[in-house]
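Work through the following exercises with the sequence and the structure side by side. Each task is followed by a solution that goes step by step.

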Amino acid sequence: MFELRKLPYDINDFGDFLSSETFNFHHGKHHQTYINNLNNLIKGTEFENRDLIHIIKNSNGGIFNNAAQVYNHDFYFDCIKPKLGCGCGGNCESLDEKLKEALEKEFDSLENFKAEFIKGATGVFGSGWFWLVYNTKNQKLEFTSTSNAATPITEDKVPLLVVDVWEHAYYIDHRNARPAYLEKFYAHINWSFVSKAYEWALKEGMNSVSFYANELHSVK
Ligand code: FE2
């Protein structure tokens, strides 16, 4: 049985980026529903008692959709954190030098990286996700977008950063203004988490994705 992950912060600490109401719906209802659906769907199948990444990589239809949405949301909620007092969102302190260099190499500058990230996420059509990934096939950092429940881990890409652009992620606080949500998302990125994901991606490749998921969901 999978359980809903706990959030690593106080849901009242996100100012005008996300309200506690959004967290109560997004984490408490949407994320919980994916967990419940997954548990119900895998009962009595070959996927019962298998780990989350195995299920994502080997299933399709409803089982895949719900398993992938569990992972995508687990990861999204780790990619954000409350803003620090300095107002930079912690970016000045927690973006690891190695990742900073890699981003500058791939995207010319951090300013350009931010501009491309927001442009790409704004342009995702309908419900979906916009990701920074480490592509294990060419050892490069790249952007990718996925629709609905799709996730880059099925293409051997290690997620480093994701933003949820389903309307349920921002409609309560920002209505239809996705770019406003994205600007504030960027200021709340947990760069320390993203940097660690990069470090593990370099060390362990796709295994790092399983380590992450298994830490949140031990198989019971
Ligand atoms: Fe979501």
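**Exercise 1. Loop residues and the sign of phi**

Does Asp 108 count as buried or exposed, and what is its relative accessibility? Work out as well where Asp 108 lies, and then treat Asn 49 in the same manner.

*Solution.* Keep in mind throughout that the model is a predicted one. Begin with the position: Asp 108 belongs to the loop that runs between helix H5 (97–107) and helix H6 (110–122). The relative accessibility of Asp 108 is 63%, and because the cut-off for an exposed residue is over 50%, Asp 108 counts as exposed. Next look at the backbone, where the phi of Asp 108 is near 75°, a positive value in a residue other than glycine. Most residues other than glycine have a negative phi.

Now turn to Asn 49, which is placed in the loop between H1 and H2. Its phi is near 70°, and this too is a positive value in a residue other than glycine. With a relative accessibility of 51%, Asn 49 counts as exposed, because the value is over 50%.

**Exercise 2. The iron site**

Identify the residues that coordinate the iron ion, and decide which geometry describes the site.

*Solution.* First list the donors: the iron ion is coordinated by His 26 through NE2, His 73 through NE2, Asp 164 through OD and His 168 through NE2, at 1.9 to 2.1 Å. Then consider the angles among the four donor atoms, which run from 89 to 128°. Four donors count as tetrahedral if all angles lie between 85 and 135 degrees, and the site of the iron ion is therefore tetrahedral. For four tetrahedral donors, the ideal angle at a metal is 109.5 degrees.

As a further step, follow the donors along the chain, where their spacing is H-x46-H-x90-D-x3-H. Among them, His 26 in helix H1 and Asp 164 in strand E3 (residues 157–164) link distant parts of the chain, being 138 residues apart. Both His 26 and Asp 164 are buried.

**Exercise 3. Two helices that pack together**

Describe how helix H1 and helix H3 are arranged, and say which kinds of residue make up their contact.

*Solution.* Start with the geometry: H1 (residues 20–42) and H3 (residues 61–78) pack at an angle of about 145°, and their axes are 9 Å apart. The crossing of these two helices is left-handed. Next, look for the residues that make the contact, which on H1 include Phe 23, His 26, His 27 and Tyr 34, and on H3 include Ile 63, Val 70, His 73 and Tyr 76. Sorted by kind, the residues of the contact of H1 with H3 are 11 nonpolar, nine polar and one charged.

**Exercise 4. The surroundings of Tyr 76**

Determine the relative accessible area of Tyr 76, and find out which residues it touches.

*Solution.* Tyr 76 is found in helix H3. Its relative accessible area is 0%, so Tyr 76 is buried, a word that applies under 20%. Once the neighbours within four places in sequence are set aside, the contacts of Tyr 76 include Leu 18, His 26, Trp 129, Asp 164 and Phe 185. Compare this with Glu 116, which is 40 residues from Tyr 76 in sequence and 19 Å from it in space, C-alpha to C-alpha.

**Exercise 5. Buried or partly exposed?**

Classify Ile 53, Asn 190, His 174 and Ala 177 by their relative accessible area.

*Solution.* Take the residues one at a time.

- Ile 53 has its place in helix H2 (residues 52–58), and it is buried because its relative accessible area of 5% is under 20%. Leaving aside neighbours within four places in sequence, Ile 53 is in contact with residues including Tyr 71 and Val 209.
- Asn 190, in the loop between helix H8 (178–187) and helix H9 (191–204), is buried with a relative accessible area of 16%. Beyond its neighbours within four places, Asn 190 is in contact with Asp 78, Cys 79, Ile 80 and Lys 81.
- His 174, in helix H7 (residues 171–174), is buried with a relative accessible area of 9%.
- Ala 177, in the loop between H7 and H8, has a relative accessible area of 29% and is partly exposed.

Notes: Residues are numbered from 1 along each chain as its sequence is written. This is a predicted model: local features need pLDDT of at least 70, side-chain atom pairs count only at pLDDT 80 or more; totals for chains, interfaces and linings use all residues. Side-chain values use heavy atoms; hydrogens and water are left out. Axes are lines fitted to C-alpha atoms, for helices over the stretch in contact, and angles run from 0 to 180 degrees between N-to-C directions. Helices (H or I, at least four residues) and strands (E, at least two) are DSSP runs, numbered from the N terminus. A crossing is left-handed if the near helix is turned anticlockwise from the far one by less than a right angle, and right-handed if clockwise. Contact means heavy atoms within 4.5 Å. Ala, Val, Leu, Ile, Met, Phe, Trp, Tyr, Cys and Pro count as nonpolar, Asp, Glu, Lys and Arg as charged, and the others, Gly among them, as polar. Donors are N, O and S atoms within 2.8 Å of the metal (3.2 Å for Na, K and Ca); water is not among the atoms, so sites may look incomplete. Four donors count as tetrahedral if all angles lie between 85 and 135 degrees; four count as square planar and six as octahedral if opposite donors are over 155 degrees apart and all others between 65 and 115; anything else is irregular. Buried means under 20% relative accessible area, exposed over 50%, partly exposed in between (1.4 Å probe, protein chains only).
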